[in-house]
Amino acid sequence: MFNKLQTDTGISRLVHSQDMGSAAVHVLHYCSVHINRLNMIIGTPEQVSELFNMSILQFNQGINKLKKLNVIRKYTKKEYMLNPDIAYNGDDKRYFVLRHMWDTQTTSGLRES
């Protein structure tokens, strides 16, 4: 079992340079703390923003910025998935499963093969 937080990526440089925006930084921080074993945050936007103790407007601004940066994707109506190359909590075997889930997912839903 290991915790991964990739620090030499474009997203970490954006956080460091503060070009990302405070809402996106807050959402990224809370997501990295509250992700489950599948790198997902489960709940509607209202539930998740309440869990993160922020307004729905701030949550939506942060999520939209993170989506543009390919850090998070809306997996289903009630699930958000963090990019496993940026943040991950688990073992090697589960990482490859999550990497496949991320690669076969688009922002509008599962890719059709």
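# Exercises on a predicted model

Leaving aside neighbours within four places in sequence, Phe-59 is in contact (heavy atoms within 4.5 Å) with Val-27, Pro-45, Val-48, Ser-49, Phe-52, Met-54 and Tyr-80. This is a predicted model, in which local features need pLDDT of at least 70 and side-chain atom pairs count only at pLDDT 80 or more, while totals for chains, interfaces and linings use all residues. Residues are numbered from 1 along each chain as its sequence is written, and side-chain values use heavy atoms, with hydrogens and water left out.

**Exercise 1.** Determine which residues touch the most other members of the largest nonpolar core, and which elements each supply at least two of its residues.

*Solution.*
Step 1. A nonpolar core is a set of buried Ala, Val, Leu, Ile, Met, Phe, Trp, Tyr and Cys residues joined through side-chain atoms within 4.5 Å. Buried means under 20% relative accessible area, exposed over 50%, and partly exposed in between (1.4 Å probe, protein chains only).
Step 2. The largest such core has 18 residues, and Phe-59 and Leu-82 touch the most other members.
Step 3. Helix H2 (22-34), helix H4 (56-68) and strand E4 (79-82) each supply at least two residues; helices (H or I, at least four residues) and strands (E, at least two) are DSSP runs, numbered from the N terminus. H2 gives the most to this core, with 4 residues.
Step 4. A second, separate core of 8 residues includes Met-40, Tyr-75, Tyr-88 and Leu-98.

**Exercise 2.** Work out the strand order of the open sheet formed by 3 strands, and find what packs on the sheet.

*Solution.*
Step 1. The protein has 5 helices and 7 strands, in the pattern β-α-α-β-α-α-β-β-β-α-β-β along the sequence.
Step 2. The order in the sheet is E2-E4-E3, with antiparallel pairing; two strands pair if DSSP finds at least two bridges between them.
Step 3. Strand E2 (40-42) and strand E3 (72-76) are the edge strands, each pairing on one side only.
Step 4. Direction ignored, neighbouring strands of this sheet are turned by 30° against each other on average. Axes are lines fitted to C-alpha atoms, for helices over the stretch in contact, and angles run from 0 to 180 degrees between N-to-C directions.
Step 5. E3 and E4 pair over 4 bridges, and Arg-73 stands opposite Met-81 in E4. H4 packs on the sheet by touching E3 and E4, and the direction of H4 makes about 105° with that of E3.

**Exercise 3.** Asn-39 has a positive phi, as does Asn-70; find where each residue lies, and whether it is buried or partly exposed.

*Solution.*
Step 1. Most residues other than glycine have a negative phi.
Step 2. Asn-39, with phi near 60°, is found in the loop between H2 and E2. Its relative accessibility is 0%, so Asn-39 counts as buried.
Step 3. Asn-70, also with phi near 60°, is found in the loop between H4 and E3. Asn-70 has a relative accessible area of 34% and is therefore partly exposed.

**Exercise 4.** Identify the residues that salt bridges join into one network.

*Solution.*
Step 1. A salt bridge is a side-chain nitrogen of Lys or Arg within 4 Å of a carboxyl oxygen of Asp or Glu. By this rule the count is 2.
Step 2. Arg-99 and Asp-85 meet at 2.5 Å, N to O. Arg-99 is in helix H5 (residues 92-103) and Asp-85 in the loop between E4 and strand E5 (87-90), 14 residues apart.
Step 3. Asp-103 and Arg-99 meet at 2.7 Å, N to O. Both lie in helix H5, 4 residues apart, about one turn of the helix.
Step 4. Through shared partners, Asp-85, Arg-99 and Asp-103 form one network.
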